Amino acid sequence: MTDSQQAPARGRPKKLSHARIVEAGMAMGLRDLTFVGLAGQLGVTHMTLYNHIPSLEALKAAVANAIFEGWTMPPVDDGKGQDLPRYLIAFIASLRDLVIAHPGLAPHLLRRSVASPSISTRIAAHQQTVAAAYGLPLAQARWLLSTVAFHCVAAADTLYAGTREDGLSDDERARDAAEVEREFAQGMHALVLGAMQIVRGEADLQALSLPPHARG
């Protein structure tokens, strides 16, 4: 028997660890993640997983945190080589790609009750970096980036959501994708221009505020 034909080595299964669980969870995807399904992927019982992670919510938070930590944000220069609107467009494009690549991540980026402390800390650090690079008060940079990120994530999560069983031909699907891409780009450019007007004091943020959604 040659080396390439040798039987696989026998022994104990690979030791289950938090890192291994998170890695397998990332491979499964946040949208489809379940304790039973992940246990099957790892070759253990779902009760074994509970010895490492207490709940499905904690599992999803750990996976979302690992995804976000692995995301490389567009670098922020000293504010001289790239103007702020162009940086925001690059930031939007990168964030859009992150959301498309990881369905189910959006709630962890949009909702404070779901976002992990690590995600919140990294977001705050990014806001401080942008504020320093572009000479903005921290509160202004925080509002600007939060506003842009919120609408980018929400729109991308909705517009680029999974494949649909809509019976479209390949040509129709391609045209639909091109239209979505165009509308998304136009909407994000309009968002950046409007947000920059507010930052520059050319509009009143309070005057633009919407009343809270009525809850029935």
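In this predicted model, the buried residues of helix α8 pack against α5, α6, α7 and α9. Those buried positions are Ala141, Leu144, Leu145, Thr147, Val148, Ala149, Cys152, Val153 and Ala156. The helix itself has 22 residues and spans 31 Å between its first and last C-alpha atoms, close to the 32 Å expected at 1.5 Å a residue.

Leu144 of α8 is also, together with Leu95, one of the residues with the most contacts inside the largest nonpolar core, which has 51 residues. At least two residues of this core come from each of α1, α2, α4, α5, α6, α7, α8 and α9. When neighbours within four places in sequence are left aside, Leu95 is in contact with Trp71, Leu109, Ala149, Cys152 and Val153; among these partners, Ala149, Cys152 and Val153 are buried residues of α8.

Helix α6 contains His108, which counts as buried because its relative accessibility is 7%, under the 20% cut-off. Residues up to four places away not being counted, His108 touches Leu30, Lys60, Ala61, Ala64, Val114, Ala115 and Ile119.

Two of these partners, Ala64 and Ile119, also take part in the contact between α4 and α7. The axes of these two helices lie 9 Å apart at an angle of about 25°, which is under 35 degrees, so α4 is roughly parallel to α7. The residues that make the contact are set out below.

| Helix | Residues in the contact |
|---|---|
| α4 | Ala64, Asn65, Phe68, Glu69 |
| α7 | Ser118, Ile119, Arg122, Ile123 |

By type, the residues of this contact of α4 with α7 divide into 4 nonpolar, 2 polar and 2 charged.

Definitions and conventions: Residues are numbered from 1 along each chain as its sequence is written. This is a predicted model: local features need pLDDT of at least 70, side-chain atom pairs count only at pLDDT 80 or more; totals for chains, interfaces and linings use all residues. Side-chain values use heavy atoms; hydrogens and water are left out. A nonpolar core is a set of buried Ala, Val, Leu, Ile, Met, Phe, Trp, Tyr and Cys residues joined through side-chain atoms within 4.5 Å. Buried means under 20% relative accessible area, exposed over 50%, partly exposed in between (1.4 Å probe, protein chains only). Helices (H or I, at least four residues) and strands (E, at least two) are DSSP runs, numbered from the N terminus. Contact means heavy atoms within 4.5 Å. The expected span of a helix is 1.5 Å times one less than its number of residues. Axes are lines fitted to C-alpha atoms, for helices over the stretch in contact, and angles run from 0 to 180 degrees between N-to-C directions. Angles under 35 degrees count as roughly parallel, over 145 as roughly antiparallel, 65 to 115 as roughly perpendicular and the rest as oblique. Ala, Val, Leu, Ile, Met, Phe, Trp, Tyr, Cys and Pro count as nonpolar, Asp, Glu, Lys and Arg as charged, and the others, Gly among them, as polar.
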